[in-house]
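Me: Please take a close look at one residue in this model and tell me where it sits. Then work outward from there to the charges and the rest of the chain.

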Amino acid sequence: MTDLAKRNLKILGNSSSAGGSFQNIGITGECRFTGDVDCVKFALTGNTDIEGNLRAEEIKLTGECKIRGRIDALSVKGRGELRVDSRLKAERFGYEGHLEVKDDCEAGEFRLSGVFEIGGLLSGDRLDIGLFGYSRAADVGGGSIRIKRSKGFKLITMVHPSREARFECGTIEGDLVELEYTSAAIVRGGSVIIGPGCDIETVEYRESLEIHRSAKVGRKVKV
C-alpha cells in the first residue's frame, strides 16, 4: 500500500470525494463519495452518501449514512439512520435508530434498539433487538435470538399513542429463541419462549417451549 493510500481524510462542512483507500476518515458535516471507500476507521457526525462499497475495520456513525453498495467491517456502531443498498457484514454491530439493508445482514454480535428492515436473512451468533416501531426481515437465523419491545417504547407511546412496535418475519431459527410482539410463519429452536403479543403459525422445538397466555400459536411440534 502506498503512502497516498494510507493518508487520512478529514472533512469539516460540505465536501465531496472520489473515494479510495485511506487510513482514517473523519467527517463532521456532509460528504458525498462517488466511489468505493476503504479505510481503517470511518467516523461520521452528520450526513454522508457513498456511491459504492464501504470497507473498514471500525465504523462509527452519528447522523445519516447511505451506502449504495455493501458494508464490510469488523465493528459498526452509532445512532441515527443507516441505509445499505446491498448487504451488511460485521463482526460486531451495535446501533440505535433506523437500519435498512436491502439484502442479507450478518453479524457475529448484533444489537439494535430502534426500527429496522432487512430484505434478506438477518443472521448472527447473538441477536439482541429492542423494537421501537414496526420492523421486518425475510428470515432470521442464529445462535441466541432475542426480540422484544425496547424499554423506552412506553415513553414513545405517551407521545405517539398509535405507534406500534412489532416484528414480522418468515422463518426464525436459533438455538435459544425469545420473542415478543412477533409475527412469523415458522419458529424453530432448541429452547423457545413465545412471549406476549406474538402470532406464530408453527413452532418446532427440541428441548423446551414456553408460550405466553396472550400469544397465538397455531401448531406446536417437538422434534
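Reply: Start with E106. This residue is found in strand β8, which covers residues 105-131. The model is predicted, so keep in mind that local features rest on a pLDDT of at least 70.

Is E106 buried or exposed? It is partly exposed, because its relative accessibility is 40% and that class lies between the 20% limit for buried and the 50% limit for exposed.

E106 does not stand alone. On the surface it gathers with E91, D103, D104 and D125 in a patch of negative charge. Patch members must have over 30% relative accessible area and no salt bridge. E106 passes the area test with its 40%. Membership of the patch also means that E106 has no salt bridge, because that is part of the rule.

Other acids do pair. Side chains of opposite charge can pair when their charged atoms come close. The structure holds 18 salt bridges.

Take E109 next. E109 forms a salt bridge with R111, and the closest N and O atoms are 2.6 Å apart. E109 is partly exposed, because its relative accessible area is 32%. R111 is partly exposed too, with 34%. The pair belongs to a wider set: salt bridges that share partners join E109, R111, D128 and R146 into one network.

Now a pair between two strands. The side chains of E96 and R79 meet in a salt bridge, at 3.3 Å from N to O. The pair links distant parts of the chain, 17 residues apart. E96 is in strand β7, residues 88-101, and R79 is in strand β6, residues 71-84. E96 counts as partly exposed because its relative accessible area is 40%. For R79 the value is 48%, so R79 is partly exposed as well.

A further pair joins a loop to a strand. The side chains of E51 and R32 form a salt bridge of 2.9 Å, N to O. These residues are 19 apart in sequence, and the pair links distant parts of the chain. E51 lies in the loop between β4 (37-50) and β5 (54-67). R32 lies in strand β3, residues 24-33. E51 is partly exposed, given its relative accessible area of 33%. R32 is partly exposed at 40%.

Strand β4 also holds N47. N47 is partly exposed, because its relative accessibility is 29%. Leaving out residues up to four places away in sequence, N47 touches G29, E30, C31 and E64. What separates N47 from V177 in sequence and in space? They are 130 residues apart along the chain and 36 Å apart from C-alpha to C-alpha.

Move on to strand β11, residues 182-194, where G190 is found. G190 is buried, because its relative accessibility is 1%. The limit for that class is under 20%. Neighbours within four places aside, G190 is in contact with G174, D175, Y205, R206, E207 and S208. G190 and L209 are 19 residues apart in sequence, with 8.5 Å between their C-alpha atoms.

Just ahead of that strand is a backbone feature worth a check. Y181 lies in the loop between β10 (167-179) and β11. Y181 has a positive phi of about 45°, although it is not a glycine. Y181 counts as partly exposed because its relative accessibility is 22%.

Now the whole chain. There are one helix and 13 strands. In sequence order the pattern is β-β-β-β-β-β-β-β-β-α-β-β-β-β. The C-alpha trace spans about 60 × 40 × 20 Å along its principal axes. Of the 223 residues, 44% count as buried. The accessible surface comes to about 11100 Å², and carbon and sulfur atoms account for 45% of it.

Contacts can be sorted by separation. Among contacts between residues at least 6 apart in sequence, 12% join residues at least 24 apart.

Finally, return to charge. The chain has 34 positive and 34 negative charges, and their mean positions are 4 Å apart. Against that overall figure, set the local picture around E106: a surface patch of negative charge shared with E91, D103, D104 and D125.

Notes: Residues are numbered from 1 along each chain as its sequence is written. This is a predicted model: local features need pLDDT of at least 70, side-chain atom pairs count only at pLDDT 80 or more; totals for chains, interfaces and linings use all residues. Side-chain values use heavy atoms; hydrogens and water are left out. Patches are made of residues with over 30% relative accessible area and no salt bridge: like charges are joined within 9 Å, nonpolar side chains (Val, Leu, Ile, Met, Phe, Trp, Tyr) within 5 Å. Accessible areas come from the Shrake-Rupley method with a 1.4 Å probe; for residues, only the protein chains shown count as cover. A salt bridge is a side-chain nitrogen of Lys or Arg within 4 Å of a carboxyl oxygen of Asp or Glu. Lys and Arg count as positive and Asp and Glu as negative; His and the chain ends are not counted. The place of a charge is taken as NZ of Lys, CZ of Arg, CG of Asp or CD of Glu. Helices (H or I, at least four residues) and strands (E, at least two) are DSSP runs, numbered from the N terminus. Buried means under 20% relative accessible area, exposed over 50%, partly exposed in between (1.4 Å probe, protein chains only). Contact means heavy atoms within 4.5 Å.
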